[in-house]
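Dear colleague,

Please find the structure we discussed below. My notes on its symmetry and on its charged pairs follow it.

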2 protein chains.
Amino acid sequence: MPASSIVRRPRYGTRSFALRVRDAVDDFSGRSPSRFAIIIFAILVVLFTMVLSLPAASASGRGTGLADSLFTAVSVICVTGLSTVDMATHWSVFGEVVIYIGVQIGAIGVLTLASLLGLIVSRRLGLRSRLLAAGEADPSRTHAGVAGSSQAVRLGEVGGLLATVAVSALVIELGLAVLLFPRMLIDGLAPGSAALQSLYYSAMAFTNTGFSPNAEGLTPYASDYYFLGILMLGVFLGSIGFPVIYALSRALRTPGRQRWSLHVKLTLLTSATLLGVGAVLYFALEFSNPATFGPMGVGEKAFQSLFLSTMTRSGGFATIPIDQLNGSSMLVTDMLMFIGGGSASTAGGIKVTTIAILFLAAFAEARGNDSMEAFGRRIPADILRLAVSVVLWGATTVAVSTIVILQISHAALDAVLFDVISAFGTSGLSTGLTASLPDAGVYVMAATMFMGRIGTVTFAAALALRQRRQLYKHPEERPIVG
Amino acid sequence: MPASSIVRRPRYGTRSFALRVRDAVDDFSGRSPSRFAIIIFAILVVLFTMVLSLPAASASGRGTGLADSLFTAVSVICVTGLSTVDMATHWSVFGEVVIYIGVQIGAIGVLTLASLLGLIVSRRLGLRSRLLAAGEADPSRTHAGVAGSSQAVRLGEVGGLLATVAVSALVIELGLAVLLFPRMLIDGLAPGSAALQSLYYSAMAFTNTGFSPNAEGLTPYASDYYFLGILMLGVFLGSIGFPVIYALSRALRTPGRQRWSLHVKLTLLTSATLLGVGAVLYFALEFSNPATFGPMGVGEKAFQSLFLSTMTRSGGFATIPIDQLNGSSMLVTDMLMFIGGGSASTAGGIKVTTIAILFLAAFAEARGNDSMEAFGRRIPADILRLAVSVVLWGATTVAVSTIVILQISHAALDAVLFDVISAFGTSGLSTGLTASLPDAGVYVMAATMFMGRIGTVTFAAALALRQRRQLYKHPEERPIVG
Ligand SMILES: [K+]
Ligand SMILES: [K+]
């Protein structure tokens, strides 16, 4: 053990609380950031389970059982939006407030966590921090400091990132709420109620949670293009990922001077492709389904196809009965939910850049190129291994969970696969199966949500941090995977 | 254009037939071997469709419609074993003989094709021929010859490979038939009939086709461990792949002196792992299913689990009603059938080495190693791209086919996914859906079988042949993928 580390860190002694916190953060960045993150989210789940099981949290005043309160806590913290109770009627006002706060903590927490892990990975690999734009990085902060090596992430940085994420989320949610407010007034709500509903819907959209505050869900707004358009905007911004939001906001502030990173370009292109392909497939497959798009005009079919495609990113709002979709559309939805949204976003899934890397590898193979290329950049070959690992992790999680739920429930494969992938991808769309599962199945679904949300993000980072012997001989650029 | 190539190949002139054939083989090896292979198999399918549609081929003497005769021809040539007609009663003796011959041509053809493509790929990449064992390669043959470069595969070699494959298949099938013959006699069949049935079953096992000659299928032998054991041996040998059979037979002839190639070790380990995992899962999931293993004793449950697991490699024989399996077991079967058997085998699927490469990549990633390693060998990183490409090809084929069949039939996802993957993986196990599809669905299934069988083999080779700029700096070993 080098002497410097003994001098530098008097583990037991008369240190101040601030120093202890700083050391804890050093641990986070230095040794096992992934484990630290998992512990934080597990603690949040336990806290919210306890609060939601209180009699005061339920409308009936009788308290909520462990399976339902744990499931709701995981669903809220992981911004999944699946439920085993009627979310509009089961909870008291206090319970609703707890859920609202939980969703915000979960969303801001996961954005911060994923961004932070991406930052640590970038530094550990000796690359310039590409997660935040280049101009933001202050070299003096990277190399100065008492507590650790130049690779560590300091407390100030964590706080700064958390603040940036929280402010961004707040600004976007407020913006969405302001757009929703007049619509609510026109619909005849009192100003106070309209403001609350606007804030609630904007939070549920941007955090990609997808709970509705009213018992009928989205049904009153099912043909309201303005309202649904705002929801789509919110879901899209939440699912695109913080690095992309950051780049977009910089581009708005200093137009024309922005160099878009490969990650931003790849995320936007892949998201747009998936949105388009999904919408076209839904339009074609549901065109004459009498229970869904059949009775609609062609224009509305097209709009609702795009809305459904957006919600698979992991929004979770639905204007049509999901269990009435054709089997073909449900399978398309399964695939879209499994892919999910952008890295460091409130969306789940294996992430759009992960699937993009797989296809870029296949394209390179088909062309006989030595390396993967996109937008005039070479992509290091080792990132393909990371992408493959993330896909295997996701596929294994979904397969094991589906097999267990099939065996527990003996329900049909289409419903089980749909709800399991919805849980893994934190999409929250449901065939109704989740609400009818016995307790054993509810716990498996809760575990699936947790693994899909926290597991995927920390898994990718944990693997990337192990690449210590990687040498870069050429100028390359690294998109975020997972 | 270099002068030598003009002098060397007088394209139009007074050349002999032998020279033309030699040039055609050079074309096969030199320019687009994959396209050539696809054309050969397409011609075989057309020929067998025509013959099977004849009135003489059907028991009723009325001829068979295009959908059924095409489907049967594809199923036979691709040794899939799915059927839209009752295979035991629909065809005349002439038809049965045609099917028997077709299965042999299909199996030997695909073994030769895949081996040949593997040989071409090995040479093109400048590696020593590892497909056949090192002692077999004659350097003089590789560098001499009039017609082409040292990379080309000459007519004599094609013929030699074809002969080796055909003799191996014949020897193994005869061996299996000899083992089956006494069993048939004991069961009370006349010697002639017993010999025919033995030959039929051994061919259906080794070629991994899975048709039964009698109307009751395997039911009379459902508890006959000897008979089922021989079938398992035949299916296993067929599904393990010609390079492995070749290595095993050399090891039998010259024991103790054999150095097993990485491909052989990887294929055997992965196949054994899949067999074991499948058997354990079936045992656990079907333990108390009254329609399948429920009424059996524990020992028989274990044996039947292993039998079912072997048949998913792509044997296609079934002793239990597949549509009565639990949904969980059906999903396990889907995954096993998608993976399939060994490279250059009569089995289908993406191949066991392909999935092994994906997991080796994830292991390397988890350990922080620079390169994939197995059995003390480094595996070149570019092979991961090939594996990913093959998986994407397979997943896309299955997804598109499943969506189309779901939309055509509006059947349940579990049945559709099962039969589509069975077609893609040339497994031949069926929930019964295939036999009940309308003609449009039958054509889609036929296309799926063809793409799974011929597409996967030629796709992998076509991609591998494009890697022209690959440089190898270190001694490495290349397993066959796809
Ligand atoms: K959601
Ligand atoms: K088969």
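**How the two copies meet**

Of the interface residues of chain A, 100% are also interface residues in chain B, so the copies meet through the same surface. Please bear in mind that this is a predicted model.

The superposition of the two chains is described by a turn of 180° with a shift of 0.0 Å along the axis, which lays chain A on chain B with an RMSD of 0.1 Å. That is the relation of a two-fold axis. Within chain A, the residue that comes closest to this rotation axis is L413(A), whose C-alpha lies at 3.2 Å.

**Salt bridges between the chains**

Side chains of opposite charge can pair when their charged atoms come close. Over all chains, the count comes to four salt bridges, and I describe three of them here.

One of them links R385(B) with E365(A), and their closest N and O atoms are 3.0 Å apart. Because R385(B) belongs to helix α15 (residues 382–409) of chain B and E365(A) to helix α14 (residues 352–367) of chain A, this pair joins two chains. Is each partner buried or exposed? R385(B) has 6% relative accessibility and therefore counts as buried, the cut-off being under 20%. E365(A), at 0% relative accessibility, also counts as buried.

A further salt bridge is formed by R385(A) and E365(B), again with 3.0 Å between the closest N and O atoms. This pair likewise crosses between chains, running from helix α15 (residues 382–409) of chain A, where R385(A) is found, to helix α14 (residues 352–367) of chain B, which holds E365(B). Here R385(A) counts as buried at 6% relative accessibility, and E365(B) counts as buried at 0%.

**A salt bridge within chain B**

Which residue does R183(B) meet in a salt bridge? Its partner is D224(B), at 3.0 Å from N to O. R183(B) sits in helix α7 (residues 155–186) of chain B, while D224(B) sits in the loop between α8 (191–206) and α9 (225–240) of chain B, so the pair ties together parts that are 41 residues apart in sequence. D224(B) is buried as well, because its relative accessible area is 12%, below the 20% limit.

When you open the model, I would suggest viewing the two pairs that cross between chains, R385(B) with E365(A) and R385(A) with E365(B), before turning to R183(B) and D224(B).

With kind regards

Conventions. Residues numbered from 1 in each chain as written. Chains lettered and ligands numbered in written order. Predicted model: local features only at pLDDT ≥ 70, side-chain atom pairs only at ≥ 80, totals over all residues. Heavy atoms only, no water. Least-squares fit on C-alpha atoms with pLDDT ≥ 70 in both. Contact = heavy atoms within 4.5 Å. Salt bridge = Lys/Arg side-chain N within 4 Å of Asp/Glu carboxyl O. Helix = DSSP H or I, 4+ residues; strand = E, 2+ residues; numbered from the N terminus. Buried < 20%, exposed > 50% of the residue type's maximum accessible area, 1.4 Å probe, protein only.
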